[in-house]
Amino acid sequence: MNQSIVESLENKTILVTGSTGFLAKLFVEKLLRVQPNVRHLFLLLRAPDPSSAAQRLHTEVTGKEVFRVLRTKHGDEFNSFISQKVTPIAGNMSLENFGLSEDSDLLKRLFKEVDIVANSAATTKFNERYDVALEVNTIGAKNVMDFAKKCVKLEMLIHVSTAYVCGEQSGVISEKSLKMGETLNQASEVLDIEAEMKLMQNCLKQLEANQVSKIEEKEVMENLGCQRARIFGWPNTYVFTKAMGEMLIGKYGADVPIVIIRPTIITSTYKEPFPGWSEGVRTIDTFLVAGAKGKLPCFLGNSESILDVVPGDMVANAIIVAMVANANHQSSDPFIYQVCSSQTSPLSAIKLRDYSHSYLLKNPLMGKDGKPVNFVMPICLPTMDSFRRYIFLKYMLPLKVLQLVNVALCQSFKNTCKVMNRKINRVLQLVELHEPYIFFKGKFDDLNTERLRMAVRANTTEADTFYFDPKCIDWDDYFANIHIPGLVKYVIRQ
């Protein structure tokens with residue numbers, strides 16, 4: 001990179017999808033903070049009309065705590081600055097041209113002015129309904145690419161995927177693109193994305209014809225997604241549909257400069273706009289939150305399991321640097337960047353238990369009764385077999401006894417049995433969904449990403465602005481003093 005990153009962003013017009021998401025907010029905030037002379041940001045928001053989109057922009061993007069530093073910087077002029085630099089677009093990425101009318105002035109303006117398209121829209125729920133996941137993660141990705149092709153000034157389509165499109169591979173996982181129809185096992189079926197769409201649509205039609213309830217429809221569509229994913233070697237609907245999205249981009253985007261960013265598990269901010277900001281209960285935080293509330297009697301993991309996490313601000317920085325470094329590149333395949341830590345700064349999964357225990361002993365949460373929540377060190381279960389034995393002995397066996405008593409006492413404990421059974425099934429499902437990541441045996445190669453880091457380090461004036469090297473993170477300090485306190489402040493207490 002010969003030119004300054006900040007200077008390269010000046011006068012750029014960027015369209016961002018998924019802008020209500022955690023990562024996209026960090027990306028948008030950073031762009032506006034480091035380069036106030038960016039020409040314009042168009043943020044695609046799922047909304048029925050411009051007024052609703054403007055409301056979502058205010059309440060779900062710029063009104064959030066993450067914009068606090070920028071709001072302080074601009075003071076009373078903040079809203080004016082945002083209105084000058086940011087335009088919300090009411091649209092739907094599952095539709096061609098996001099549902100905008102072909103003769104609309106807005107669409108014509110987008111095609112004429114947009115330099116960069118940044119697609120970070122995704123549904124990240126592991127067991128999402130198959131129709132929803134296909135619509136957003138797969139077809140949505142192709143629609144964004146089709147839109148980018150029509151932008152006359154296009155320099156780049158940057159697509160945020162996930163490192164876990166690799167499935168459950170072991171060893172070193174390289175930064176290579178996925179080919180159309182590629183599977184992760186020797187599946188007897190051919191992976192045909194159009195056939196998957198038809199299968200999903202036929203299933204929906206059948207459910208409609210049978211007049212099933214919305215709850216039953218949701219359950220069937222969730223199960224269908226997981227079943228289809230496992231047939232082809234992926235552990236869940238999320239990574240399966242993200243992988244298919246990458247395939248479509250690779251096949252149909254040959255004449256477009258494309259970069260694919262594959263982050264691992266994204267956690268709270270390391271430094272900017274301030275340390276510890278997070279939003280919602282993210283992957284590993286499920287267990288941390290349960291522990292903080294005194295509801296985590298056991299912890300899955302062992303000393304050999306590596307947890308690959310990267311703070312959100314580092315991922316946002318990597319996106320910006322990759323965007324600038326690869327503008328107008330010509331390549332038959334997308335450039336792949338895995339933003340990860342397992343190769344250069346590995347973190348043992350078992351440490352997560354120790355971090356939460358240490359922090360919560362000193363800083364216990366207060367319960368509804370105003371008393372400190374009693375945090376007990378969870379029992380460590382190193383394998384799924386040990387977990388299943390633990391669940392059987394501690395919960396399922398007592399439930400079976402209670403069910404026998406319930407029958408003997410004329411259904412006196414019917415509701416208690418139902419609640420216990422539902423809770424046990426919920427825990428089992430949660431752990432099974434996370435199992436591929438708790439016991440993940442792969443390490444992600446980040447050679448391409450390291451080249452980006454080297455280019456940034458060479459530009460000493462911007463190295464501190466666009467940091468994304470996990471080697472600089474002291475995990476003990478990060479979790480004890482940044483991530484867990486931030487989780488308590490911005491997620492649990494809110």
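These are my notes on one buried residue and two helix pairs in a predicted model.

**Entry 1, Asp 115.** I began with Asp 115, which I found in the loop between helix H6 (105-113) and strand S4 (116-119). I then looked up its relative accessible area, which is 4%, and since buried means under 20%, I noted Asp 115 as buried. Its side chain is joined to that of Lys 153 by a polar contact of 3.4 Å. Leaving aside neighbours within four places in sequence, I listed the contacts of Asp 115 as Asn 11, Lys 12, Thr 13, Lys 153, Leu 154, Glu 155 and Met 156.

**Entry 2, H7 and H10.** For helix H7 (residues 130-149) and helix H10 (residues 237-252), I found axes that come within 9 Å and cross at roughly 20°, which makes H7 roughly parallel to H10. I recorded the crossing of H7 and H10 as right-handed. By class, their contact has 12 nonpolar, five polar and three charged residues; among those that meet are Leu 134, Ile 139 and Met 145 in H7, and Phe 240, Gly 245 and Leu 248 in H10.

**Entry 3, H8 and H9.** I next took helix H8 (residues 193-209) and helix H9 (residues 214-231), whose axes come within 11 Å and cross at roughly 155°, so that H8 is roughly antiparallel to H9. The crossing of H8 and H9 is right-handed. In H8 I noted Glu 196, Leu 199, Met 200, Cys 203, Leu 204 and Leu 207, which meet Glu 217, Val 220, Met 221, Leu 224 and Arg 228 in H9. Sorted by class, this contact of H8 with H9 has eight nonpolar, no polar and three charged residues.

Terms used. Residues are numbered from 1 along each chain as its sequence is written. This is a predicted model: local features need pLDDT of at least 70, side-chain atom pairs count only at pLDDT 80 or more; totals for chains, interfaces and linings use all residues. Side-chain values use heavy atoms; hydrogens and water are left out. Helices (H or I, at least four residues) and strands (E, at least two) are DSSP runs, numbered from the N terminus. Buried means under 20% relative accessible area, exposed over 50%, partly exposed in between (1.4 Å probe, protein chains only). A polar contact is a pair of N or O atoms within 3.5 Å; within protein, one must be able to donate a hydrogen and the other to accept it, and residues adjacent in sequence count only if both atoms are side-chain atoms. Contact means heavy atoms within 4.5 Å. Axes are lines fitted to C-alpha atoms, for helices over the stretch in contact, and angles run from 0 to 180 degrees between N-to-C directions. Angles under 35 degrees count as roughly parallel, over 145 as roughly antiparallel, 65 to 115 as roughly perpendicular and the rest as oblique. A crossing is left-handed if the near helix is turned anticlockwise from the far one by less than a right angle, and right-handed if clockwise. Ala, Val, Leu, Ile, Met, Phe, Trp, Tyr, Cys and Pro count as nonpolar, Asp, Glu, Lys and Arg as charged, and the others, Gly among them, as polar.
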